[in-house]
Amino acid sequence: MALPDLVVAIAFVTSSEGSPLQLFHGPGSEAMHHAPWSFVPTVLVPIWLIVHAINALQLRSAKLRAWDMVWTKRSHRKSCP
């Protein structure tokens, strides 16, 4: 999960305001200078925690489904003559 985060971070840094690779034209980071300081810990951090928790649960569910398929095939082979 760290690799996609790194790729996105590098993409945003290289496309930031003043960069020749700037993709988004607009207020840039200037908007965060006007936002209240409490916005980051009270809104952004919980959102990212929730998103990471959802991703972890989805990965765990996929792993359990894959393991269940393997286990079912093994037990089926043992029970068939």
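How many of the 81 residues of the chain count as buried? Just 2% do, where buried means under 20% relative accessible area, exposed over 50%, and partly exposed in between (1.4 Å probe, protein chains only).

Keep in mind that this is a predicted model: local features need pLDDT of at least 70, side-chain atom pairs count only at pLDDT 80 or more, and totals for chains, interfaces and linings use all residues. Residues are numbered from 1 along each chain as its sequence is written, and side-chain values use heavy atoms, without hydrogens or water.

Now for the layout. There are 3 helices and 0 strands (DSSP runs numbered from the N terminus: helices are H or I, at least four residues; strands are E, at least two). Confidence, or pLDDT, runs from 0 to 100 for each residue, and the chain averages 76. Helix H2 (residues 30-34) has the lowest mean, 69, while H3 has the highest, 82. Where pLDDT is low, don't read the predicted coordinates in detail.

Let's look at H3, which spans residues 39-79 and includes Leu49. Leu49 is exposed, at a relative accessible area of 58%.

Definitions and conventions:
pLDDT = per-residue confidence, 0-100.
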